[in-house]
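Please read these notes with the structure open beside them. They are written for someone new to reading protein models.

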Amino acid sequence: LRHKGFIPWDDDIDVVMLRADYEKMLTSFSNDGRYKLYSIETDASCIYPYAKVYDSQTVMMEGDEKDHAPIGVNIDIFPLDNVTDNYEDGIKMKKQIRLLNDILGVKQLDKANRGFIKNVTVAVLRGISKLYSYPWLISRIIKKSKKYIDNHESRYIVNAVIHAKGEKEILEREWFASAVDLEFEGRQYKAPIGADQYMRRLFGDYMQLPPEDKRVSHHRFKAYYK
């Protein structure tokens, strides 16, 4: 919205879609071509409670270069789950899932050197997290996020499967009720009618550029064509 294209210092694309559309994507996506779908529903080895679409002609490595990611360069796709007309129900859902997400996050930590104290803390947390398997954690997160799956007309929807923005991810359904054309890299693409409200909800005055020292990538990966 601000740059009418890629953010120069960003290296990440996230997609959100209503749960009903997300479920339809899981069953209709063809993995026969270059681009593949990676999710717990299609691959039992998946370590995320959401889907990714990746370029099978690439390799991506994060953290320790010996630990190759099972997928290539990818984008995240998050389902927006139904809640109710009561905002507090959204808060309760986020709180119930947060601990599961925290444990999952610890299991996914790379082996970067964080200093002695942090290394010890991470080692202890990783030891505790081994009590829980990826499939168990992910299935619990998805089950809790689908609690109100039949509330197709609820006022609120929520990005429940992750906890990146906390309560800010409790959203108004009407923002996604229809689509409008927005410019991106010189072409027009469909975006939610409430794109501005959505961005302000997550980032505040997003049209203002961040300080120069914040205009950096937040990821530590290397990517290659095979």
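The points below cover the nonpolar cores, one buried aspartate and one helix pair.

1. This is a predicted model, in which local features need pLDDT of at least 70 and side-chain atom pairs count only at pLDDT 80 or more, while totals for chains, interfaces and linings use all residues. Residues are numbered from 1 along each chain as its sequence is written, and side-chain values use heavy atoms, with hydrogens and water left out.

2. The largest nonpolar core (buried Ala, Val, Leu, Ile, Met, Phe, Trp, Tyr and Cys residues joined through side-chain atoms within 4.5 Å; buried means under 20% relative accessible area with a 1.4 Å probe, protein chains only) has 33 residues. Tyr-22, Met-25, Tyr-50, Ala-51 and Ile-77 touch the most other members. Helix α2 (helices are DSSP runs of H or I, at least four residues; strands are runs of E, at least two) gives the largest share, six residues.

3. A second, separate core has seven residues, including Leu-80, Leu-171, Trp-175 and Tyr-198.

4. Asp-81 lies in strand β5 and is buried, at 1% relative accessible area. Its side chain makes a polar contact (here, N or O atoms within 3.5 Å, one able to donate a hydrogen and the other to accept it) with the side chain of Arg-19, at 2.6 Å.

5. Helices α2 and α4 pack at about 160 degrees, with axes (lines fitted to C-alpha atoms over the stretch in contact; angles run from 0 to 180 degrees between N-to-C directions) 10 Å apart. The two are therefore roughly antiparallel, a label for angles over 145 degrees.

How values were computed: Buried < 20%, exposed > 50% of the residue type's maximum accessible area, 1.4 Å probe, protein only. Parallel < 35°, antiparallel > 145°, perpendicular 65-115°, else oblique.
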